[in-house]
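Trainee: I would like a close look at a single part of this model. Please take me through it step by step.

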Amino acid sequence: MSTKDRLEELGIELPPIVPASYTYAPFKKIDRLTFISGQVPRLSDGSFLTGKVGLDCSFDEAREAARLCGKHLLSVARSVTGSLDDIEFLKVFGMVNAVADFRDHARVMEGCSQLLAEVLGDRGRHARSAVGMGSLPANVRVEIEAVIAIVN
């Protein structure tokens, strides 16, 4: 089954790619590797899911923000070749905007990791880091970047 069909079967619609606001590119491709810039939980109206986990938002809200970041990662990845059928996620790095004593960064990141595996199967399974941050741009809940490989 193609990833396009898989997305349809799962009822997942990928968001459009938003042009960079600053001096960076959405991705940088070197041979078969592509580095995807940090993606934030941007809603279709242009607003962000904001708040510090453990203060302004719950664990579940942060996990949903990570899932939304995963959708943005998939959109950018698809733009590299025109299809997710040619993409494998190698590494995901997630930053969680959280209070100092928050301990579930990895579980928040499961929102993104599970989405990638649902859509891409084994090509969505990846190495991962999850860290806590004292703040993130625009007070977003999560920011996630990735390294992908072109496999075909």
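How many bridges join β1 to β2, and in which sense do the two strands run?

Mentor: This is a predicted model, and what follows should be read with that in mind. β1 and β2 are joined by four bridges and run antiparallel. One of the pairs links Lys28 to Phe35, its bridge partner in β2. The two strands form a hairpin with two residues between them. Asp31 lies in that turn and has a positive phi of about 55 degrees.

The hairpin belongs to an open sheet of five strands, ordered β1-β2-β5-β3-β4, with mixed pairing. β1 (27–30) and β4 (127–133) stand at the edges of this sheet; each has a single partner strand, so one side of each is left without a neighbour. On average, neighbouring strands of the sheet are turned by 15 degrees against each other, direction ignored.

On its other side, β2 meets β5. β2 covers residues 33–39 and β5 residues 142–150, and the two pair in the antiparallel sense over five bridges. Among the residues involved, Phe35 has Val147 as its bridge partner in β5, and Leu33 has Ala149. Phe35 is thus bridged to Lys28 as well as to Val147.

Helix α2 (residues 59–81) packs on this sheet. The helix touches β1, β2, β3 (87–97) and β5, and its direction makes about 35 degrees with that of β5. Both strands of the hairpin, β1 and β2, are therefore among the strands that α2 contacts, where contact means heavy atoms within 4.5 Å.

The hairpin also contributes to the surface. Ile30, Leu33, Phe35 and Leu90 form a nonpolar patch there, with about 320 Å² of accessible area together. Ile30 is located in strand β1. Its relative accessibility is 45%, so Ile30 counts as partly exposed; the partly exposed class lies between the limits of 20% and 50%. Two other members of the patch, Leu33 and Phe35, have already appeared in the pairing with β5: Leu33 opposite Ala149 and Phe35 opposite Val147.

For contrast, consider a residue in a helix. Ser113 is found in helix α3 (residues 105–120). At 9% relative accessibility, Ser113 counts as buried, whereas Ile30 at 45% counts as partly exposed. Leaving aside residues up to four places away in sequence, Ser113 touches His126 and Arg128.

Key
Residues are numbered from 1 along each chain as its sequence is written. This is a predicted model: local features need pLDDT of at least 70, side-chain atom pairs count only at pLDDT 80 or more; totals for chains, interfaces and linings use all residues. Side-chain values use heavy atoms; hydrogens and water are left out. Two strands pair if DSSP finds at least two bridges between them. Axes are lines fitted to C-alpha atoms, for helices over the stretch in contact, and angles run from 0 to 180 degrees between N-to-C directions. Patches are made of residues with over 30% relative accessible area and no salt bridge: like charges are joined within 9 Å, nonpolar side chains (Val, Leu, Ile, Met, Phe, Trp, Tyr) within 5 Å. Accessible areas come from the Shrake-Rupley method with a 1.4 Å probe; for residues, only the protein chains shown count as cover. A salt bridge is a side-chain nitrogen of Lys or Arg within 4 Å of a carboxyl oxygen of Asp or Glu. Buried means under 20% relative accessible area, exposed over 50%, partly exposed in between (1.4 Å probe, protein chains only).
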